[in-house]
Amino acid sequence: MNIIILSRNPHLYSTQRLVEAAKQRKHTCEVIDPLKCDIIIEKKNPAILYKGRILENIDAIIPRIGASVTFYGTAVVRQFEMMKVFSVVESQALVRSRDKLRSLQVLSRAGLGMPKTVFSNYTKDVAEVIASVGGAPLVIKLLEGTQGLGVVLAETNNAAESVIEAFHGLQARVIIQEFIKEAKGADIRAFIVDGNIVGAMKRQGKDGEFRSNLHRGGSAEIIQLTDEEENAALKAAKALGLGVCGVDMLQSARGPLILEVNSSPGLEGIESATKKDIAKSIIRYIERNV
């Protein structure tokens with residue numbers, strides 16, 4: 001098969017592992033920067049021009065679209081879909097997962113547990129919003145934040161008011177979320193491929209850090225999920241329509257709580273923690289569908 005990986009950086013661990021896995025399975029694989037693709041829109045003849053050549057005879061794509069290029073990256077994925085090319089992550093699911101407000105609404109409608117969350121449109125009723133999630137300590141997240149950036153733990157109500165008002169002053173939309181103390185700065189990521197959990201890890205924030213992101217210096221170890229955690233992860237992936245994703249959850253006194261569902265999860269942390277060939281699982285997912 002001819003497989004294209006849509007990635008802006010061919011040297012990233014995840015991109016390189018996918019290329020390796022594809023070649024080991026005897027497929028042709030090319031890494032293409034989605035921002036350098038020109039979309040040709042024509043009646044019954046959609047096409048993509050890349051560095052002076054029309055992309056033809058492509059069997060499947062693996063979108064590795066960064067959050068900052070979601071708009072154009074998704075348009076490129078959509079164009080491949082119009083060309084009848086199989087995508088590991090569908091364009092609509094990608095858009096849905098990147099919109100934090102929309103994705104949490106979808107997960108809520110599916111009956112999944114999550115930390116109590118408030119979105120506001122630069123509200124003046126800051127004290128009421130803080131009270132509605134149970135008061136401080138609470139977590140404040142930028143709507144467009146990734147990898148733990150733009151996430152603040154406010155220890156007191158006064159601190160929370162100051163941070164929220166500061167973000168509002170910068171015209172930055174935020175999510176206010178209850179703080180799950182019993183999680184102790186750790187979360188779980190379940191990696192899902194084609195409706196199956198192919199690996200799971202527990203990520204622990206470094207000392208004094210409530211964010212567990214590996215990019216922020218956190219550590220990861222393999223974990224055996226409970227039945228409840230497995231069901232929640234699979235249900236979340238299904239609700240958002242994602243064939244490949246990482247479902248991030250907190251362990252709480254009231255069961256697993258979904259934090260977010262990542263449509264372009266990194267492979268390095270999960271492969272290192274589980275010692276499993278996750279990249280191969282993704283290539284085999286393509287083989288089953290093409």
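Which residue in β11 is the bridge partner of Val139? Keep that in mind while you load the model, which is a predicted one.

**Stop 1: β9 and its two partners**

Select residues 138–142. This is strand β9. Four of its five residues are buried, so the strand is mostly covered. Now add residues 174–178, strand β11. Five bridges join β9 to β11, and the two run antiparallel. Zoom in on Val139: its bridge partner in β11 is Gln177.

Next add residues 151–154, strand β10. β10 also pairs with β9 in the antiparallel sense, over four bridges. Stay on Val139. In β10, its bridge partner is Leu153.

**Stop 2: the four-stranded sheet**

Move to the open sheet with the order β2-β1-β6-β7. It has four strands, and the pairing is parallel. Which strands sit at the edges? They are β2 and β7 (86–87), and each pairs on one side only.

Select residues 2–6 for β1. Five bridges link β1 to β2, running parallel. Label Ile4, then look across to Glu30 in β2: the two stand opposite each other.

Two helices lie over these strands. Select α1 (13–24). α1 lies across β1, β2 and β6 (60–63), and runs at about 160° to β2. Then select α2 (70–82). α2 lies across β1, β6 and β7, at about 160° to β1.

**Stop 3: α1 against α9**

Keep α1 on screen and add residues 278–289, helix α9. The two axes come within 8 Å and cross at roughly 60°. The helices are therefore oblique to each other. The crossing of α1 past α9 is right-handed.

Show side chains at the contact. From α1, pick Arg17, Leu18, Ala21 and Ala22. They meet Ala279, Lys280, Ile282 and Ile283 in α9. By class, the contact residues divide into six nonpolar, two charged and no polar.

Still in α1, select Glu20. Is Glu20 buried or partly exposed? Its relative accessibility is 40%, so Glu20 counts as partly exposed. Draw a distance from its C-alpha atom to that of Ala273: the separation is 19 Å, with the two positions 253 residues apart along the chain.

**Stop 4: His27**

Step on to the loop between α1 and β2 (28–32), where His27 is found. Why does His27 count as buried? Its relative accessibility is 12%, and the cut-off for buried is under 20%. Now show what surrounds His27. Beyond its neighbours within four places in sequence, His27 is in contact with Met1, Ile3, Ala22, Ile283 and Glu287. Two of these names appeared at the previous stop: Ala22 in α1 and Ile283 in α9.

**Stop 5: two hairpins**

Select residues 37–40 and 47–50, strands β3 and β4. They pair in the antiparallel sense over four bridges. Asp38 has Leu49 in β4 as its bridge partner. Six residues lie between the strands of this hairpin, and Lys44 takes a positive phi near 60°.

Add residues 53–54, strand β5. β4 and β5 pair in the antiparallel sense over two bridges. Leu49 turns up again here, with Ile54 as its bridge partner in β5. Two residues lie between β4 and β5 in their hairpin. Lys51, in that turn, has a positive phi of about 50°.

**Stop 6: the five-stranded sheet**

Go to the open sheet ordered β14-β13-β12-β15-β16. It has five strands, and the pairing is antiparallel. The edge strands are β14 (219–222) and β16 (255–262), each pairing on one side only. On average, neighbouring strands are turned by 30° against each other, direction ignored.

Select residues 196–204, strand β13. Four bridges join β13 to β14, and the two run antiparallel. Find Lys202: its bridge partner in β14 is Glu221.

**Stop 7: α3**

Finish on residues 91–98, helix α3. Which residues of α3 are buried? They are Ser91, Ala93, Leu94, Arg96 and Ser97. Show what they pack against: α2, α4 (100–109), α7 (227–240) and β16. β16 is an edge strand of the sheet from the previous stop.

Definitions and conventions:
Residues are numbered from 1 along each chain as its sequence is written. This is a predicted model: local features need pLDDT of at least 70, side-chain atom pairs count only at pLDDT 80 or more; totals for chains, interfaces and linings use all residues. Side-chain values use heavy atoms; hydrogens and water are left out. Buried means under 20% relative accessible area, exposed over 50%, partly exposed in between (1.4 Å probe, protein chains only). Contact means heavy atoms within 4.5 Å. Axes are lines fitted to C-alpha atoms, for helices over the stretch in contact, and angles run from 0 to 180 degrees between N-to-C directions. Angles under 35 degrees count as roughly parallel, over 145 as roughly antiparallel, 65 to 115 as roughly perpendicular and the rest as oblique. A crossing is left-handed if the near helix is turned anticlockwise from the far one by less than a right angle, and right-handed if clockwise. Ala, Val, Leu, Ile, Met, Phe, Trp, Tyr, Cys and Pro count as nonpolar, Asp, Glu, Lys and Arg as charged, and the others, Gly among them, as polar. Two strands pair if DSSP finds at least two bridges between them.
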